[in-house]
Amino acid sequence: MRIGEDKLIVPLTKRKKDGTLYLRPDNVEPLLKSLSDLPRDVLLERARIRDRKHPDYVPSECLLHFIRASRRDNSDAWFERLYKVLVERVLRAVPRVEASGNSASLANERIRNSVFDRFVELLAKDRKELDDKLDFFEVRFDLAIKRLRLDAQERVWREENRSDSIDDESGGAGDDAAEATSASPFDADNFSDPLFRERLYVAIDALSPEQSRTMHLLLLGWQTHSNDPAVMTIAKALGCSDRSVRNYRDRAMKTLGALFNLGDDQ
């Protein structure tokens, strides 16, 4: 199947402060037209190329365009295949999280999660109804992600300088005990649908590694933590704190909830 019968590239609608419309770079517009002639499997293979100097490399501006355009043909499967490739690019553009668990690593984790959450939120809103907030990403994708990263970085650093007491906000052991009883974060009726499960697993695999592992273990019925030292928990399996597991779970559910219109009832 090819991407579309017509080769009409929908123009951007967002305007600059001077009232003029945002325009895609000169090299992007003609490339979109040639890429739209490709079979979907071929485009997907080219989208997976990471080397920007490769002659078949697909710029992120183009990849995002086809993801947004998939809303018109109402193809969830095609959206999800492209989405997985694009979010991998987003995650490669933000700070990596080291396993050391020091303050710098934790700050990078928060920055990384904030950028990822904000991008997915914008994409989910655009998926429901065309939103010009993503137009700039089709013009300067790297710069748009950099702005998200700088905003997140400033916010994290500002919050860290307020007070160390923020670390105690999540409450005591009583709250943790209640959380340990939850076996699955999803409604049984939704999860009984094989098509829903297949789409869900694709979306979970596209999450950040920590969130993805957390969600897979939750779906297997693992507890986030346990007072019994003999019980293997998600925190032990991931080598992190209970609080980090809750953070991974909550952010993953926010992302999945936006993509699948799920209630946030974990």
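**Exercise 1. Is Cys240 buried, partly exposed or exposed, and what is its relative accessible area?**

Solution. The model under study is a predicted one, and the classes rest on cut-offs: buried means under 20% relative accessible area and exposed means over 50%, with partly exposed in between. Cys240 has a relative accessible area of 22%, so this residue is partly exposed. Cys62, by contrast, stands at 0% relative accessibility and therefore counts as buried. As to cysteine bonding, the structure holds zero disulfides.

**Exercise 2. Describe the overall make-up of the protein, and then the burial of helix α3.**

Solution. Begin with the secondary structure: the protein has 13 helices and zero strands, and the pattern read along the sequence is accordingly a run of α elements. Next, take the whole chain, in which 42% of the 266 residues count as buried. Then turn to α3, which is mostly covered, since ten of its ten residues are buried. Among the buried residues of α3 are Cys62, which was met above, the charged Glu61 and Arg68, and also Ile67.

**Exercise 3. Locate the largest cavity, and work out which elements and which classes of residue line it.**

Solution. The first step is the count: the structure holds one cavity of 30 Å³ or more, and the volume of the largest cavity is about 30 Å³. The second step is the lining, which is made up of Ile67, Arg68, Arg71, Phe79, Leu123, Asp126 and Arg127. The third step assigns these residues to elements, and those that give two or more residues to the lining are α3 (60–69) and α5 (103–128). Of the elements, α5 gives the most, with three residues. The last step sorts the lining by class, which yields three nonpolar, no polar and four charged residues. Two of the lining residues, Ile67 and Arg68, belong to the buried set of α3.

**Exercise 4. Find where a charged side chain sits over an aromatic ring, and give the distance to the ring centre in each case.**

Solution. Start from two residues of the cavity lining, Phe79 and Arg127. The charged end of Arg127 is placed over the ring of Phe79, at 4.3 Å from its centre. Elsewhere, Lys16 lies over the face of Tyr22, and here the distance from the ring centre is 5.9 Å.

**Exercise 5. Starting from Phe119, trace the aromatic cluster and classify the geometry of its ring pairs.**

Solution. The structure holds five aromatic pairs, and one of them is formed by Phe119 and Phe137, with a centre-to-centre distance of 5.8 Å and an angle of 50° between the planes, a tilted arrangement. This pair links distant parts of the chain, with Phe119 in helix α5 and Phe137 in helix α6 (residues 135–139), 18 residues apart. Both rings belong to buried residues, because Phe119 has a relative accessible area of 0% and Phe137 has a relative accessibility of 5%.

A second pair joins Phe119 to Phe141, with ring centres 6.0 Å apart and planes at 85°, so this pair is edge-to-face. It too links distant parts of the chain, running from Phe119 in helix α5 to Phe141 in helix α7 (residues 141–160), 22 residues apart. Phe141 is buried, as is Phe119. Putting the steps together, ring pairs link Phe119, Phe137 and Phe141 into a cluster.

Terms used:
Residues numbered from 1 in each chain as written. Predicted model: local features only at pLDDT ≥ 70, side-chain atom pairs only at ≥ 80, totals over all residues. Heavy atoms only, no water. 1 Å grid on protein atoms, 1.4 Å probe; cavity = no way out; pocket = protein on both sides within 12 Å on 5 of 7 lines; lining within 4 Å. Points joined across faces, edges and corners; volume = space filled by probe spheres on them. Helix = DSSP H or I, 4+ residues; strand = E, 2+ residues; numbered from the N terminus. Disulfide = S-S within 2.5 Å. Buried < 20%, exposed > 50% of the residue type's maximum accessible area, 1.4 Å probe, protein only. Phe/Tyr/Trp six-rings, centres within 6.5 Å; stacked < 30°, edge-to-face > 60°. Lys NZ or Arg CZ within 6 Å of the ring centre and 35° of its normal.
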